[in-house]
Amino acid sequence: MARARAAAGLCARDPQPSEESCTQEDLLLAAAYVSDAEHNRNVRFETSPQTIRLYYFYNHWAMRAATNFFIFLDLSLALFEEPALFPLPFLATSIAEVLCLTAFFGRLVHFAKVTPQMVFWKDTKNICIMVTIVLTLIDLIIYGSLEAVSIHTVRWSRALRPVFLINFPQSRQVRIQIRRTFRSIRNTLPDILYVFLLFLFSMLIFSLMALKLFGDRGLRTAGGSPYFTDILEIAFELYVLVTTANSPDVMMPAYDFNWWYSLYFITYIIINTYIFMSVFLAVIYNNYRKHLKNEIRKLAYLKRHKMIQAFDILKVKVGSEFVVKEAEWKRLAKIVAPNISSSHLELLLKISDEGQKGHVDKTNFIRLADLLNIQVVTMDVKRHPLEAWMPQVYTSSLSLFIQKMVQHRIFVWIYDVIILINAVFIALDEKNALISYAEWLFLSLYITEILLKLYTYEPRAYFGRKQFWNWFDTLIIIAALVATVANATIQSASRRSSQQILDIVLVLRVLRLLRVIVSIERFRVIVTTLINIGPTMLTFGGLVLVVYYTFAIIGMEMFHGKVQFFDSNFTTPGALVCGNPALKDTAFARDRYCKNNFNDLASSFIVLMELTVVNQWHIIAGGFALVTHQAAKLYFIAFHVVVVILIVNIFIAFILEAFFVAYSLEKSEVETAIEKKIQELGVGVKEEEVQDGALIDHVDTKDSGFSGGDGHSKRKGSKGLYFRIASKRYRTVDTLLQRMFESEIAPEDEGPSLDEILNFSPSDIYPRNPNFENST
C-alpha cells in the first residue's frame, strides 16, 4: 500500500481526515530529502525502505565521527613513521594504517549500498578512494617486504593520504567545501595556464637578454661565483626576483658595473612582478567568482529539487491544490530535527501554515529546509533576584534611575572614554607613583561598571553560555585585580615587585583595550563580518593542510637527513655546516638555517610556512639543491606556483567575495518572515532588548536570555518564554550566496530537471541573476 502511494507520489489523495495517513516509510523517505536539502547534500540514493534506513545510518553523527577519527589517525601516522617526530616500530604504524584502510573500505561499501550502481561507479570520488586504498596496500606490502631484508625504500603512497580527507562523500561540510574549492582550482587552471605560459615566455626572453648582457662581462657575485653565465641559473634567479626575495642582491653586480643596467631589472620587475602577478590575481578572481556562482546555482536548484521530491511524497489534495497535512508536517519536522522543542516547532508551523488552515502549501513547504537552518533561540526571561528578594527597594525611583542610566548609550560612551584614557596611562612609565595609583582608580571604575550591570541585568543571563564579551570583560578585570593585589603584596613585603606577575598585569591591562573594538560601530561591523566568514575560512585551512601535507611527505622522502640541526653548544665541525660539507661557505649555513629541514613532519610544515612567506625562500631552495641535486629547485618552484600563486590568490579572491557579501547583505527573505511572525504572535524580544550596548552587540544571547529594555515596566512585561533569531555569525558565506541566488527564483519555479542541474556550466545564463552578478 505504502509502495503504491510512494510510486504515485502521494500519501492519500482524499483529503478527509479519516483516510490513512502517510506511513513511516513515506515519512522517512521525505525526511531524507529534506535533511539533504538542509545540509546541502547531493546524494542520489535508492528509495527502498531498507536502503533509506541504511542511508540514515550512513549520515549518523557516530558514523561521521568514526570516519573523521580514522582520517585523522591516517594523516597523523606521518608523525610516527620514519623520518619520525615520535618514532614507532613499522609494525605498529602499518597495523594502524591497515585498520584505517579497512574502515575507509567499509565506509565506501556502505555508501555503495545506498546509491544506484551506475551512480556509484560514475562518481570519480569513489574511484579515487578505491584506487588509493589499493595503491597504499601495494606500497605497504612492498615496503614491508624490503624492510624485512634491511632494504630501505620510499613510502610514496603516504602523499596520497589527503585523498581520503577530500573525497569521502558527504562526511563533513568542510570537506564538501574543500572538494568544491579543488573543483574551482581545476576549472580555473586552463585560463591560468595561458597566463602562466606567457609569463614563462617573458621570463625566458629576459633570461636570454641577461645572458647576452652580463655573461661575457666577467662579473662576480658577492660570494665570488660567476654572475649570470648559466641560462638555468639565470632563469631561477629571475623567477626568485618575481617574488622580490633576492632584490636588490641579484641586481647589485650589474648595477655596480654600470647604473644603466638597473633599467633592465626595473623593466623586468614592472612587467613580471606587478603586471603578470596582477593578471594572475585578476584571472583567478574572475574565474573563481564564475565557478562559485555556478556551484551556488547548482546547490540552490538541488535543494529545491529535493524539497519538491519530499512534497510529492507527502502531498494530499485539498480543493484544487496539493498540500501537506499539519500532522504529517509535524511528524516530518520531528524526524529531520529530533531535538527541536515543541514551542519552536509550533512557531515554524504557524509560519508555514499562513492561514492556519491545518495544512501547508507547496510554496511554504519548500521553505522548510531554510526554516530549520535558521536558529531561533527560545528565551526564558526571568526576574532579577533582587526584584524577588526586595521588590520595594529594587523598584524604587532611585533604583529605576540607576538601571535606566546603566542601560543608556551614554553609559557605554563614558566607559569607552575611560578605556582610552587608561590606554594612555598604560603607555606611560610604570614606575611613576602617579601611574601606579591611577591603575587602582581604573580598576575601581571597571569593578563598579560590572557591579552596576549585574544590578541591572539578570545575572544568569548576563553570564550566559554565549555572552563572550561579558565573560571576557569580567574575567580580565578579576584577573587584573588579583594580579595587581598580588604584585602590591609582594612589593610591600620584599620591597621589589615580581616580574612575572607584573608582566601578567601589563598584558591584562592591554587586553582590556579590546573593548574599544566592539564599542565603535564601524569596528564592530568589520569584526562581525570577519566572524561571519570565519567558519568558511576553515575551508582554505583544510585546503592548505592538504597541500602542505602532500609537499611535506614528498620533502621528507627527498631531503630527510640531508640537513642536521646542532645545538649552539656543539663544537664539532659539522655543526657549522648543518651536518653536510656541501653547505660550507653558503648563505644557508651562514644564516644558521640548519633547523629548516625535512627531518620530521613538524619541521617540514614550518619550512613550508617559510616558503609561503617567500622571504629568503631561494636561500632554502639553494641549500637543499646543494645537498641533493640542482633539480631539487623544481620542488620549491612547484610549491611556490601551487601555494603562493594559485592557492593564495584564490584565498584572496574568496576573502574579497566573502567580505563584500557578508558586509553588505541584508537579512534573507525567509529570516525576515520568521521575525515578522515572531513579532505578530507577540512572543518576540527585539534585538535592542537583549543586548547590552557595545558589550554584546552581534553576540548570541543565552537560551535563558535577558532583557535590557527601558526599565522595570518593560522587564515586568517580558516574563515567560520568548523567541528571537540567533546571531548572524551562524551564517556561512555559502549560505549567504545561496540565499542571494534563491531570492531571484520565483516561488512557483520548480527549476530544470535533475540531469540539467547536475550539468550546469558557468557559461549558462539560466536564470539571469543581476543581484548575484553585482554583489560586489
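The following legends describe an overall view and several close-up views of a predicted protein model.

**Figure 1. Overall view of the predicted protein model.** The protein contains 36 helices and five strands. Of its 776 residues, 49% are buried. Among contacts in the protein with a separation of 6 or more, 76% are made by residues 24 or more positions apart. The accessible surface amounts to about 37,400 Å², and carbon and sulfur atoms account for 64% of this area.

**Figure 2. The disulfide formed by C578 and C594.** A disulfide is a covalent bond between the sulfur atoms of two cysteines. A search of the whole structure finds one such pair, and the sulfur atoms of C578 and C594 are 2.0 Å apart. The torsion about their S-S bond is about -70°, so the disulfide is left-handed. C578 is located in the loop between α27 (573-576) and α28 (587-590), while C594 is located in the loop between α28 and α29 (601-613); the pair therefore ties together parts that are 16 residues apart in sequence. Both C578 and C594 are buried.

**Figure 3. Two further cysteines, C100 and C128.** C100 has a relative accessible area of 0% and is therefore buried. C128, in contrast, has a relative accessible area of 35% and is thus classed as partly exposed.

**Figure 4. Helix α2, residues 24-38.** Helix α2 has 15 residues, which at 1.5 Å a residue should span 21 Å. The C-alpha atoms at its ends are 20 Å apart, in agreement with that expectation. The helix is mostly covered, as 13 of its 15 residues are buried. After α2 comes N40, which has a positive phi, near 55°.

**Figure 5. Surroundings of D139 in helix α7.** Helix α7 comprises residues 124-148, and D139 is found within it. The relative accessibility of D139 is 2%; because buried means under 20%, D139 counts as buried. Beyond its neighbours within four places in sequence, D139 is in contact with V154, R155, W156 and S157. One of these contact partners, V154, lies in the loop between α7 and α8 (162-167).

**Figure 6. A nonpolar surface patch to which helix α7 contributes.** The patch covers about 780 Å² and is made by W121, I127, V131, V134, L135, I138, I142, V154 and W156. Helix α7 gives the most to the patch, with six residues. V154, in the loop between α7 and α8, has a relative accessible area of 39% and is therefore partly exposed. V154 and W156 belong to this patch and are also among the residues in contact with D139.

**Figure 7. F257 in helix α11 and its contacts.** F257 is found in helix α11, which comprises residues 252-257. With a relative accessible area of 45%, F257 is partly exposed. Residues up to four places away in sequence being left out, F257 touches R217 and L219. R217 is 40 residues from F257 along the chain, and the C-alpha atoms of F257 and R217 are separated by 9.2 Å.

Technical notes
Residues numbered from 1 in each chain as written. Predicted model: local features only at pLDDT ≥ 70, side-chain atom pairs only at ≥ 80, totals over all residues. Heavy atoms only, no water. Helix = DSSP H or I, 4+ residues; strand = E, 2+ residues; numbered from the N terminus. Buried < 20%, exposed > 50% of the residue type's maximum accessible area, 1.4 Å probe, protein only. Contact = heavy atoms within 4.5 Å. Areas by Shrake-Rupley, 256 points an atom, 1.4 Å probe, with all protein chains shown as cover. Disulfide = S-S within 2.5 Å. Expected span 1.5 Å × (residues − 1). Patch = residues over 30% accessible without salt bridge, like charges linked within 9 Å, V, L, I, M, F, W, Y side chains within 5 Å. Salt bridge = Lys/Arg side-chain N within 4 Å of Asp/Glu carboxyl O.
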